[in-house]
Amino acid sequence: MSEQTQQQGGSAAPRVVVVGAGMAGVQTAVALRDQGFDGEVTLIGAEPHQPYDRPPLSKAVLLGTAEGSAFDIDFEALGIGLLLGREVLGLRPADHELATAAGPVPYDLLVLATGAEPIRLPGVEGVPGVHLLRTLDDAERLRPVLARQHDIVVVGAGWIGAEFATAAREAGCAVTVVEAADRPLAGALPAEVAAPMAAWYADSGTALRTHARVARVEPGTVVLDDGSRVAADAVVVGIGARPATAWLKDSGIELGAHREVVADDHLRTSAPDVYAVGDCASFPSGRYGRRLLVHHWDNALQGPRTVAANIVGETPEPYDPVPYFWSEQFGRFVQYAGHHPSADTMIWRGDPTGAAWSVCWLRETRLIALLAVGRPRDLAQGRRLIEAGTPMNPALLGDPARPLKGATE
C-alpha cells in the first residue's frame, strides 16, 4: 500500500472499496480474503441482483435451463460488504472518495472493476423489440422472446452474436444475422481463419448476411442500407463493447485510446491507491510488447490475484497473462489463447471445413497464439507452450496427428 495510505490508516488495516460486482470485482474481494487481508472490504454493484457470472446468460439463463448464475460465495461469512443497486457517479482521488447516487463513499484503497458496456445501435432508442444481451435483466427480457419462437434479427456476427444465434436456433426461432463486414468475427480473426466459420451459420439454419449495414429499425422490420427489409419480431444488438469508464471523466485517472483505464504491470492506475482490473483496464504486456485490453472472463479471473497481492504487501510478478477465452457456437467449442497480430507465420492443423482443426501463430519459431476448434488438447498444450516461450518446429506443427508438445525443436 502507498505511504499515504499507511499514514491515513496508521497501523489499522485500510478500507478497500471495489467498484463493480462482476467477475473481476468479486474475485478481487475473495482474493483479498484468501491472501489474508483482514481489513474492511466493500463491493459496490450498480445492479440490484446478487453478484452473478455472465457467460451462462447467453445459454442456460437465456434458454430457461437455469434461473440465474449467482456466484456461490458466502459474502457475509467472508466479511465482504455488499452495496448493490448503487450507481457510482464519480471519483475524487485527492479526497479518497467516491460519489454515488446515495452519497459519498470513502476509501483507503480503491479497485476499479466496472467491466465493459455494450455498444448501442444508433437510432433505435425507444423502438420496441430491440434488445441487448449483457445483464441478467437483459437475459430475462429475452427468454419469453425465444420461448415464443419469434423471428429474430441479430446485428453483429461477433462472439456474442454467434452465441445468441445458437441459443435462438436451439429454441426454434428463425434467425437472421446481419454483419457490416464481409465475414463473421472480422474484428477478432484474420480473414482466412474467420471465413470457414461462415458455413457454421448455414449448417445451423441461421441466415447470415454480410456487407449488411442497418439503416434503421422499424417495428417488426430491420431496414438495411441497400433498402432491403428483414422481418424481425425482435432485434438483438451485439456489435461490441467498450470499457465502462464514463463515470471517471473528471477524475484525473489516465484513460487510453479506447477509454479504458491505463494500468501498469501491477494493475496500478495513475492515481495513488487506485487499482484497475478486468474489462475496464489495459496493461502492458512484456510477452507481446504492447498494451493489451482483454475483454474476456479469464482476464477477470486472473487479474484480481495480482491486485490482492499488491494490497496485502507482497511483491507479485508483473501481470502478463496469456489471454484466453472460449465460445460455444453452432455445436462447436472454440478456444483461443495468446495474441496473434504480431505473428509472422500462420500454420493450419487440420481441415477448416471439418469438425476439428486448429491454427497456430508463430513469431520467429515461438508459438504466440492458437485458435482451436474442437481440439481442446491443442489448446491446453499450446497455452503452456506460449507461456514457456518454447521454440517450435514449423514442419512438425502442421501435422494434426502430432501432439503440439511433440512439435518442438
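The following exchange explains the terms applied to this predicted model and the values behind them.

Reader: What makes the model a confident one or not, and on what footing are its features reported?
Author: The protein averages a pLDDT of 94, and 97% of the residues score at least 70, where pLDDT is the predictor's confidence in each residue, from 0 to 100. Over residues 1-10, however, the pLDDT is below 50, and beyond near neighbours in sequence this stretch has 16 contacts in the model, a contact being heavy atoms within 4.5 Å. The model is predicted, and local features need pLDDT of at least 70, side-chain atom pairs count only at pLDDT 80 or more, and totals for chains, interfaces and linings use all residues. Residues are numbered from 1 along each chain as its sequence is written, while side-chain values use heavy atoms, with hydrogens and water left out.

Reader: How do you know whether the radius of gyration agrees with that of a compact globule?
Author: The rule for a globule is 2.2 Å times the number of residues to the power 0.38, with the radius taken over C-alpha atoms. For 409 residues this gives a value near 22 Å, and the protein has 22 Å, so the two agree. The C-alpha trace spans about 65 × 60 × 35 Å along its principal axes.

Reader: Why is Cys-173 called buried?
Author: Buried means under 20% relative accessible area, exposed means over 50%, and partly exposed lies in between (1.4 Å probe, protein chains only). Cys-173 has 0% relative accessibility and therefore counts as buried. Cys-280 is likewise buried because its relative accessible area is 0%. Of the 409 residues of the protein, 51% count as buried.

Reader: How many disulfides does the structure hold, and what would qualify as one?
Author: The structure holds 0 disulfides; a pair of cysteine sulfur atoms would have to lie within 2.5 Å.

Reader: Why is Leu-146 classed as buried or exposed, and what does it touch?
Author: Leu-146 has 2% relative accessibility, so it counts as buried. Its place is in helix H4 (residues 136-147). Not counting residues up to four places away in sequence, Leu-146 touches several residues, among them Leu-62, Ile-152, Phe-164 and Cys-173.

Reader: What makes a segment a helix or a strand, and how many of each are there?
Author: Helices (H or I, at least four residues) and strands (E, at least two) are DSSP runs, numbered from the N terminus. The protein has 10 helices and 26 strands.

Reader: Why are E9 and E12 said to stand at the edges of their sheet?
Author: Five strands form an open sheet with parallel pairing, in the order E9-E16-E10-E11-E12. Strand E9 (130-131) and strand E12 (207-209) each have a single partner strand, so one side of each is left without a neighbour in the sheet.

Reader: How do you know that E10 and E16 are paired?
Author: Two strands pair if DSSP finds at least two bridges between them. Strand E10 (residues 151-155) and strand E16 (residues 234-237) run parallel and are joined by 4 bridges. Within this pairing, Val-153 stands opposite Val-235 in E16.

Reader: What makes strand E26 mostly covered, and which strands does it pair with?
Author: In strand E26 (residues 366-373), 7 of its 8 residues are buried. Strand E23 (residues 332-338) runs antiparallel to E26 and is joined to it by 5 bridges, with Ala-337 opposite Leu-370. Strand E25 (residues 357-363) is also antiparallel to E26, with 7 bridges. E25 and E26 form a hairpin with 2 residues between them, and Glu-364 in the turn has a positive phi of about 60°.
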